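Trainee: Got a minute? I'd like to go through this model with you.
Mentor: Sure. Put it on the screen and ask away.

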Amino acid sequence: MLERYFTPAFDQSASLQHQIQERLIQAILDGALSPVDPLPSSRAFAAAIGVSRNTISIVYERLNQDGFITAKARRGYFIDENLVREKLNVSPPHRSQERAVAPDFTRAYARRYTTQPNIAKRSDWRTFPYPFVYGQVGRDETSVARWRDCLRRAGTSRHVGTWADDLVDSDDPLLLEQIARRVLPQRGFRADPDEMLITVGAQNALWMVAELFADASKEIHIEDPVYVDARNIFAAHGARIVPTPVDRKGLKPGPELATADMVYVTPGHQSPTNVTMPMERRLALIEAASLHDFLILEDDYEHELNFLGAQHPTLKALDPCGRVIHVGSLTKPLFPGIRLGFIAADRAVIKELRALRRLMYRHPSALAQRAMALFLSEGHYDAHIRRHRRAMSEKWHMMLREIDRQLPDCQATMTTGGSGVWMALAEGMDAGEVFTAAEARGVLVENGTLHYLRPNPPRNQLRLGFGAIDLAKIAPGIGELKLAIDSLR
């Protein structure tokens, strides 16, 4: 009966013991093994599937400890009787379908999210030879090893008390301390524990701020072009969204901000153009907020990736009276899939956000928080950022050089860094058509049209991310993009 569970070959990249254990558990739960007959002996089973006897002995012992099987003296291992009794086999009742009426979900929805325009991102981007995808990073094996070690140590008995219990609405105090000591000073400001909140990534932070402040009575001014998900978040909350044009210095504060309740900006590296807001505009925006009594939501995206000139202090660092709500990511430049971010704001705002978060998911994984705290405290995060910045700087220079050399008809927006290039195709070219033609040649780029909210937006903008692509593939990848563009002329 076990043959069909062990016919598929084992995955050589995964633990053999764990794979055998998973397959045996599945066979037990499927009822493929008789509860009255012993399991094959470790010697016979090992010979049948081509592994060592010691491996099978270890698996049997684990299953015995977990209550799936039980050992009987001189008879071998049997399916545990308690497991057989507790296993539920409930068949659904037979009901006639003649009078059943399927619900009309479209009438029941309070709002629709699938109708919002979104950037299409392929989940199989790693299979493409030239993935100029935005928001992904190459794997740093040194940091992978360090993170694995921090996760292992976070799971030991020394730290188990920090994550095994429900934190209710609290955060790991060690992580808050490390953010205050290691992260915020590099952004030019400090914060107390009651002025910070840990979130499931920066985007979750944006959603919570919108949930607290945005509704149909509020006017939210956003950059145009803008981070699409942020725009959709504000729209989902019914706010009146006002696009404010972005130039080569980012958002320009003007008289139109007089009616704003909140202004959303990405001053470090504007998303999607990657331009950096200079000091005079930062100060002008802070002054306008005080003059017109609006809040500033600062999404400090890619603060670490500045390759030219000195770092600018964040808007939060320049804020004298607490109008700035600062959002940052801890994992975007490290491992985007971990999803840890934070909000730094006035303690009254954090108090409300903490109560809101409790209703949503209480708190992010306490285990992940403790692992990140250890990663920060031991200097691994700082070391990773230094390596990451060097590698990204090299790619950034290569991107600009190759675009200038191979795509003379295209205009790359000049920046001081970041992880992407915002590029204008020749006049009359359609970014959507280029996107399709490039994908057919193994090149993934991003159509920039969806980032605009204004009527009749430019349709010849592309974004090329270079965080995930190998340095050696940038030049040939730009070459393939050139061929795709040429095919449409």
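Trainee: How many helices and strands does the chain have?
Mentor: The chain comes to 17 helices and 16 strands. Keep in mind that this is a predicted model.

Trainee: What box do the C-alpha atoms fill?
Mentor: Roughly 85 × 60 × 55 Å, taken along the principal axes.

Trainee: And what share of the residues is buried?
Mentor: Buried residues make up 50% of the chain, which has 489 residues.

Trainee: Switching to rings. How many aromatic pairs are there?
Mentor: The structure holds 12 aromatic pairs. Take Phe6 and Phe45 as one of them: the ring centres are 5.2 Å apart and the planes sit at 90°.

Trainee: Why is that pair called edge-to-face?
Mentor: Because the planes of Phe6 and Phe45 are at 90°, and an angle over 60 degrees counts as edge-to-face.

Trainee: Where do the two residues sit in the chain?
Mentor: Phe6 is in helix H1, residues 3-6. Phe45 is in helix H3, residues 42-49. They are 39 residues apart, so the pair links distant parts of the chain.

Trainee: Are Phe6 and Phe45 buried or exposed?
Mentor: Phe6 is buried, at 12% relative accessible area. Phe45 is buried too, at 4%. The cut-off for buried is under 20%.

Trainee: Which residues form a cluster with them?
Mentor: Phe10, Tyr60 and Tyr77 join Phe6 and Phe45 in one aromatic cluster.

Trainee: What about Tyr113 and Trp207?
Mentor: That aromatic pair is tilted. The distance is 6.3 Å centre to centre, with 55° between the planes. Tyr113 lies in the loop between helix H6 (105-108) and strand S3 (130-131). Trp207 belongs to helix H9, residues 201-213. The two are 94 residues apart, and the pair links distant parts of the chain.

Trainee: How accessible are Tyr113 and Trp207?
Mentor: Tyr113 is partly exposed at 40% relative accessibility. Trp207 is partly exposed as well, at 25%.

Trainee: Which charges sit over rings?
Mentor: Among them are Lys72 and Arg463. The charged end of Lys72 sits over the ring of Phe78, 4.7 Å from its centre. Arg463 lies over the face of Tyr134, 3.6 Å from the ring centre.

Trainee: Tyr134 again, then. Which residues lie nearest the centre of the largest pocket?
Mentor: Tyr134, along with Gly135, Tyr227, Tyr301 and Lys332. The lining of the largest pocket has 39 residues.

Trainee: What's the volume of the largest pocket?
Mentor: About 600 Å³.

Trainee: Which element gives the most to the lining?
Mentor: H9, with 4 residues. Helix H10 (228-236) and strand S10 (324-329) each supply at least two.

Trainee: How do the lining residues of the largest pocket divide?
Mentor: Into 14 nonpolar, 14 polar and 11 charged.

Trainee: Where does the largest pocket lie relative to the domains?
Mentor: Between domain 2 (125-140 + 383-487) and domain 3 (141-379), because both give residues to its lining.

Trainee: Last topic, cavities. How many are 30 Å³ or more?
Mentor: The structure holds 1 cavity of that volume. The largest cavity has about 80 Å³.

Trainee: Which residues line the largest cavity?
Mentor: The lining includes His269, His303 and His312, plus Arg282 and Glu302. By class, the lining divides into 1 nonpolar, 7 polar and 2 charged residues.

Note on methods: Residues are numbered from 1 along each chain as its sequence is written. This is a predicted model: local features need pLDDT of at least 70, side-chain atom pairs count only at pLDDT 80 or more; totals for chains, interfaces and linings use all residues. Side-chain values use heavy atoms; hydrogens and water are left out. Rings of Phe, Tyr and Trp (its six-membered ring) pair if their centres lie within 6.5 Å; planes under 30 degrees apart count as stacked, over 60 as edge-to-face and the rest as tilted. Buried means under 20% relative accessible area, exposed over 50%, partly exposed in between (1.4 Å probe, protein chains only). A charge sits over a ring if NZ of Lys or CZ of Arg is within 6 Å of the ring centre and within 35 degrees of the ring normal. On a 1 Å grid over the protein atoms alone, a cavity is a set of points where a 1.4 Å probe fits but cannot get out, and a pocket is an open set with protein on both sides within 12 Å along at least five of seven lines; lining residues have an atom within 4 Å of a point. Grid points are joined across faces, edges and corners, and a volume is the space filled by probe spheres set on the points. Ala, Val, Leu, Ile, Met, Phe, Trp, Tyr, Cys and Pro count as nonpolar, Asp, Glu, Lys and Arg as charged, and the others, Gly among them, as polar. Domain bounds come from an automatic or database domain assignment.
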